[in-house]
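Trainee: May we go through this structure together, beginning with the chain as a whole and then turning to one pair of helices?

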Amino acid sequence: MAAAWFRQPSILPGFGLTLGFTTFFLSALVLLPLAALVFKTTSLTWSEFLDVVLDERALASYRLSFGAAFIAAAVNAFFGFIVAWSLVRYDFPGRRLVDALIDLPFALPTAVSGIALATVFSPTGWLGVRLQQLFGVQVAYTWLGVVVALILIGLPFVVRSVQPALVEAQRDLEEAAETLGAGPFTVFRRIILPAVLPALVTGFTMAFARGVGEYGSVVFISGNLPLKTEITPLLIVIKLEQFDYNGAAALGFMMLLVSFLMLFAINLVQSWSRRRHSGPVDSGRRVERRRRPRNQKAGA
Amino acid sequence: MSIVLDQVTKRYQGAPVVNDVSLNVRQGEFLVLLGPSGSGKSTLLRAIAGLTEIDHGRVALHGRDVTHVNSRERHVGFVFQHYALFRHMTIGDNIEFALRVRKVKSAERRARRKELLKLVALEGMDDRLPAQLSGGQQQRVAVARALAHRPEVLLMDEPFGALDAKIREELRRTIRQIQRELDMTTILVTHDQEEAFALADRIGVMHQGRLLECGKPDDLYTRPATRFVSTFLGAANLLLGYRTPRGVRFSSAPMAGGEVPREVVAILRPEEVELCADELAIKSNFVSHGQVEEVLFGGAVERLRVRMASDGPVPVAPGREGSTGQGSLLEVSRTLPEQRDFPVAVGQRVAVGARSIHVLPTPISSFTAVAANEAAARELRDSPLLLTLGTRMQTRVATRIGRFERAPPGMPAIATGPDCAAAAEWHLTHGAVQLLCVPPTAPLPNHVVIHTLDAESRRATLAVAASLLRHVAAEAIYLGIQPAASAESERGAHMRNLLDARSAALADHGLDMRTELRPGVVAEELQKELAAYERSMLVLGTSNPDAIQWDWLKSLLEGTPARPVLIVNSARAEPAADA
């Protein structure tokens, strides 16, 4: 009865049961381990903690982990949208096959994709050689390799969140815009993009979050040079292998903190944009609004 | 002319969904396209807006040919069934959208927005979002948005479909008012006849991709030309009658005299039926006796079903069997004063009179499958073509075993194959005005070849062909064949004949067909044209069945693969004047 006041009226019973399960599993599997991480970190003194997390090697790894994840997610947002678009809007031979292939990075053990990427992009690899010869670009064992691995891992997140939004976007909206005189570019920018943007941001967020935490596929292609191509999760593993549990916990705590802050920020942006699209707070409109009462007074 | 459609055809996977539609809409006219779902009316509307490309024909708006102009340059306002408002934009921005993409200055935009919101009675709603409005309000916004760029025509695709009855009626009035105020040429698509009557200056009825009839609402109601329109617009009793010198006779009892009576299809509206206690009390024309079988009280009108005497009128529909023994059912509706004057109860015997009937100009009344034995007759009756025509024309397909003295009334049907030519000859010389030779297993035709053996039979042939094509979705081609050896000077006459045929078909029957003049031998050219399409059919006209050269027709009727052949005998065709 305690929950009665916020209970949703539903014909189906089982609210108590489902909420109980939800809280139990969230607590046991998510909150409890995270709390343990924070607790473990507190066994360090402040100066010890700062020494670990502000270490030169740690700082470099943050930059790489978050930077590469961000770049990869941005690239995925762009290409993933195009992939989703072509899958939803066009019918071509092999469309179903391509659609199924999108999920492969999900299903594959990340280590496998890491090894595959390393083979192709390594300086002696099939693509690596050509990139080196043609553009003088080395992908494997540089930060670029990390980005490439994270793009591969993050693509399905963007495609799978944008796809349903595109399916749902009504064709008659585009037709309406067309009969009103809008060209293809305007239709895309003013009609399609606003409809898909929330899904796109969600996809970006998930790809980014996944990229920050990715370990398996990255370690094979990055070369793991300290200060250069060492990602934070790897640094944590190294600390664990040296039985420095407290240090590992401190780095984990930092990752937790930054990830949480970034996700929080993105959520803020998203809800702000949702409010913007569902309410007239646009700067141009605000001006008009302020002007209108004055006009009315003049008219009266 | 504000909107001109010329032979517009749209196919999906080969099948025409809009079939040879030609239509003119005047400036300021409100045209309603009415038809059941799947009749092609929405596709036609989209073709006018440029949202659907057409395969054949022309579309012109205000004298400008826009057939190959994309929709954004066609200057039309389009209102969708589900509003299609931009959900992330305010009402104001929705309405201004067309002006914004045209880079109109903001002051001007604002003035226009205000004007439009006033027009649709939504003043002050500028900053609301579509989701915050009711369905009716959203559709008003959609109308305002479609009018923002001052389009030349307004096109509406079932705009009231998603609204409830009360709001629908209110919005209907608003739209009619706006349309009058702006003198806006408007086409509205609907399947609701009440809506069509309430809004239209003119109604165009569509069925199976064709524009069957187009006219003023009251004309279409009182004087429909087709079975489909007469039953689709309001209720109607379709009856088979026989034309006599004294008018139309409804009795199914055999008539004396050697002539095959000329069969016609008449419609008797339920409200035109008069019920009285006995024959003498009937003030209008007496039809038959009957027995009240069902009485439904429906407020203002009472609906009854009266079972007619077995020798009474024969219904056109339903009944592939026709009526056997039992009489037909007649739908009757009576107003309150009529009910007061003569109250009836179920089981009561009544005399039935008809205040007014309308004889359809349709040349095909009913079918009779003629065969040597019952099994063959039934097989013929159930052949795809005859079955479809019977169902779609809502007409009777009777059977007859063996030959009588005379051909049956209406259109006899015989099977192709051995002895077909002889049977055909017998029917045509024994009073049949039309004859259908049909292969019992042939699929429905999608390519109909029309040819007349002489100029006199053209009128009757075109009438029958048009009637056929209204019920079978097929392409029509009128073939003129010029003997190869004939002089060049005759070519002009042939050409004229062809053009006359085309304009007559279009003007009299709304039938749009291709015409082609070919040099060669009639038999060869027809056979070649029929063989070029897998599902072809021939409509052949003659004014003198005795002069038919049966040898080549025999090879067509008895050869394989056989094609359906409809022979029109205009020697006994209907006189021009229609009572």
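The exchange below concerns chain B and two of its helices.

Mentor: This is a predicted model, in which local features need pLDDT of at least 70 and side-chain atom pairs count only at pLDDT 80 or more, while totals for chains, interfaces and linings use all residues. Residues are numbered from 1 along each chain as its sequence is written, and chains are lettered from A and ligands numbered from 1 in the order in which they are written.

Trainee: What radius of gyration does chain B have, and with what value should it be compared?

Mentor: The radius is taken over C-alpha atoms, and the globule rule is 2.2 Å times the number of residues to the power 0.38. For 579 residues, a compact globule would come near 25 Å, and the value for chain B agrees with this: 27 Å.

Trainee: What percentage of the residues in chain B is buried?

Mentor: A residue is buried if 20 or more other C-beta atoms, placed from the backbone, lie within 10 Å of its own. Of the 579 residues in chain B, the buried share is 48%.

Trainee: How are α4(B) and α5(B) oriented to each other?

Mentor: Helices are DSSP runs of H or I with at least four residues, numbered from the N terminus; here they are residues 135-147 and residues 165-182 of chain B. Their axes, lines fitted to C-alpha atoms over the stretch in contact, lie 10 Å apart at an angle of about 20°. Angles under 35 degrees count as roughly parallel, and α4(B) and α5(B) are therefore roughly parallel.

Trainee: Which residues of α5(B) make the contact with α4(B)?

Mentor: Two residues are in contact if their C-beta atoms, placed from the backbone, lie within 7 Å. From α4(B) come B:Gly135, B:Gly136, B:Gln139, B:Arg140 and B:Val143. The residues of α5(B) are B:Ile167, B:Leu171, B:Thr174 and B:Ile175.

Conventions
Axes fitted to C-alpha atoms, helices over the stretch in contact; angles between N-to-C directions. Parallel < 35°, antiparallel > 145°, perpendicular 65-115°, else oblique. Buried ≥ 20, exposed ≤ 12 C-beta atoms within 10 Å, placed from the backbone.
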